[in-house]
Amino acid sequence: MKQLDMTTGKIQSLILSLAIPIIGSSLLQFTYNFMDMLWVGGLGSYAVASVGSASFYLNLGYALQACIVVGSGVKIAHAIGSKDDVQSKAYIQTGMFLNFVLGIIFIMIFTLFGQQLLQYLGIQESNVIQQGYFYLLGSLPMIVCSFFNTFFIRVLQNYGIMKQAFYISCIGMILNMVLDPILIYIFKFGVLGSAIGSSVGHIIMFLMFLDKFKDYFLFSIKGVTKDKLKQVLQLGIPMTFQRVLFTLVNIILAKLIAQFGAEAIAAQKIGLQIESIMFMVIGGCNGAIASFTGQNFGAKLYERVDRGYRYTLKISIVYACIALLLFLWIPNVLASIFVRDDVTILIASNYLRIVSISQLFSAIEMISNGYFTGIGKPKIPAVISIVFTVLRIPFAMICTPLLGINGIWLSISISSICKGIFAYCMYHHIKKKELIV
């Protein structure tokens, strides 16, 4: 399998060649999520609320798994940049081992305590809790396989092998889209059908990755050592702590949102879904700059690292401005695509208007995070995110009595703006003090 050397060649072409397949995968994922929300939305706001509630805990799983993706991803990229194939393969084995352990833990937690976790959100409607629990159970194979799939994709990004990973993602997502309406409506599984469809798609992707990339992902315990486990966890834990805290803060905010009813929960789920339109491109640029930076930093090409960051940031800012304008001008049109309930559309429209300005700063934050990850300093974005994510709670508690649920949306927007500003400032600090370019 031909690998991509990112330490030579035109930077713009390399960044685009890395970003476009990631964006394509994100676009496909968005298309699937879009169709899934349409099918689930047809069941009513309560069904959307049940999926949205369960998603908080699924996101918690992905937040914990970020430790593995970030930690092993950094070490693999640096090993590739320094042309050390033995070390890169050893860190792949370490990441696979940690994914397996984490997957088993989440199967046990969701099976034994899924209902209690949903009840903790303060949801009053019993049918929302019941459907949410069914969704969690149906998602168990999905979350375990998606842990591995996310890790596999990150590894292939570091090697510059993107097209094959994109094709496999296409097959999995298309299968999801075909199965969802069949399972939800024809077999009348409801939200459980959505979860089963996702699980089948991710299982197929997992098996295809193992078959197509045997040379990379053939597991052997010999590659796993205490030293490598420690290195991966030390690099990954700061970013994981950030993402876990982000999810926990969102769970606390969900308890505040739940006071405004199932329509408010559904509205936030819809708002986040629409925001993902922006993040699918910025996320692609984030992955591209992380892989590009990792290889070039490993090769000690610091000036090349900086040029890659600045080019990627320009692309992301332009796209974020487009999203900002759409969220301001036609939020009700965007929200009405997913649901017909007037109350839910109104709440979701207000959400989009309030967070619109923060899209620009979120783009700056995400590209800076890719840069920090690539140079092996994930603690920097972790600290920034932890501080301002936690501040969402007191902001929300202060603003909610004055502005109602819009106070929660405002707290989210303010914190995102602050994170973008501080991330950009830290980029300049690192460039001057440590990379000396």
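How accessible is phenylalanine 34, and does that make it buried, partly exposed or exposed? In this predicted model, phenylalanine 34 has a relative accessibility of 21% and therefore counts as partly exposed. The cut-off matters here, because buried means under 20% relative accessible area. Phenylalanine 34 belongs to helix 1, which covers residues 11-41. Isoleucine 11 stands 23 residues away from phenylalanine 34 along the chain, and the C-alpha atoms of these two residues are separated by 33 Å.

## Helix 3: aromatic rings and a nonpolar patch

A pair of aromatic rings is described by the distance of the centres and the angle of the planes. In the whole structure, a search finds 25 aromatic pairs. In one of them, the ring centres of phenylalanine 106 and phenylalanine 110 are 5.3 Å apart and the planes stand at 75 degrees, so this pair is edge-to-face. Phenylalanine 106 and phenylalanine 110 are both in helix 3, with four residues, or about one turn of the helix, between their positions. Phenylalanine 106 has a relative accessible area of 4% and is buried. Phenylalanine 110 is likewise buried, with a value of 1%.

Another aromatic pair joins phenylalanine 187 and phenylalanine 189; the pair is tilted, with 5.9 Å from centre to centre and 35 degrees between the planes. Phenylalanine 189 counts as partly exposed, at 38% relative accessibility.

Helix 3 runs over residues 85-120 and contains isoleucine 104. Isoleucine 104 is partly exposed, at 37% relative accessibility. Isoleucine 104 also contributes to a nonpolar surface patch of about 780 Å², whose other members include Phe100, Val101, Met108, Leu112 and Phe113.

## An aromatic cluster and charges over rings

Ring pairs also connect several aromatic residues into a cluster, among them Phe148, Phe151, Phe152, Tyr159 and Tyr216. The ring of tyrosine 216 has a further partner: lysine 89 lies over its face, at 5.5 Å from the ring centre. A similar arrangement involves tyrosine 91, where lysine 228 lies over the face of the ring at 5.4 Å from its centre.

## Salt bridges

Side chains of opposite charge can pair when their charged atoms come close. The count for this structure comes to four salt bridges. The table presents examples.

| Acidic residue | Basic residue | Distance, N to O |
|---|---|---|
| Aspartate 85 | Lysine 89 | 3.7 Å |
| Aspartate 211 | Lysine 214 | 3.8 Å |
| Aspartate 306 | Arginine 310 | 3.0 Å |

Aspartate 85 and lysine 89 both belong to helix 3 and are four residues apart, about one turn of the helix. Aspartate 85 is partly exposed, with a relative accessible area of 41%, and lysine 89 is partly exposed at 26%. Lysine 89 thus appears in two settings: it forms a salt bridge with aspartate 85, and it lies over the face of tyrosine 216.

Aspartate 211 and lysine 214 are both exposed. How accessible are the partners arginine 310 and aspartate 306? Arginine 310 is partly exposed, with a relative accessible area of 36%, whereas aspartate 306 counts as buried at 7%. Arginine 310 and aspartate 306 both lie in helix 11, again four residues apart, about one turn of the helix.

## A buried serine in helix 11

Helix 11 spans residues 302-329 and includes serine 316. Serine 316 is buried, with a relative accessible area of 0%. Which atom does the side chain of serine 316 reach? The side chain of serine 316 reaches the backbone oxygen of threonine 312, at 3.0 Å.

## Positive phi angles in two loops

Most residues other than glycine have a negative phi, and most peptide bonds are trans. Lysine 188 has a phi near 60 degrees, a positive value in a residue other than glycine. Lysine 188 is located in the loop between helix 6 (163-186) and helix 7 (191-212). Lysine 188 is exposed, with a relative accessible area of 70%.

Lysine 300 is not a glycine either, yet its phi is positive, at about 65 degrees. Lysine 300 is part of the loop that lies between helix 10 (262-298) and helix 11. The relative accessible area of lysine 300 is 59%, and this residue is exposed.

Conventions. Residues are numbered from 1 along each chain as its sequence is written. This is a predicted model: local features need pLDDT of at least 70, side-chain atom pairs count only at pLDDT 80 or more; totals for chains, interfaces and linings use all residues. Side-chain values use heavy atoms; hydrogens and water are left out. Patches are made of residues with over 30% relative accessible area and no salt bridge: like charges are joined within 9 Å, nonpolar side chains (Val, Leu, Ile, Met, Phe, Trp, Tyr) within 5 Å. Accessible areas come from the Shrake-Rupley method with a 1.4 Å probe; for residues, only the protein chains shown count as cover. A salt bridge is a side-chain nitrogen of Lys or Arg within 4 Å of a carboxyl oxygen of Asp or Glu. Buried means under 20% relative accessible area, exposed over 50%, partly exposed in between (1.4 Å probe, protein chains only). Rings of Phe, Tyr and Trp (its six-membered ring) pair if their centres lie within 6.5 Å; planes under 30 degrees apart count as stacked, over 60 as edge-to-face and the rest as tilted. A charge sits over a ring if NZ of Lys or CZ of Arg is within 6 Å of the ring centre and within 35 degrees of the ring normal. A polar contact is a pair of N or O atoms within 3.5 Å; within protein, one must be able to donate a hydrogen and the other to accept it, and residues adjacent in sequence count only if both atoms are side-chain atoms.
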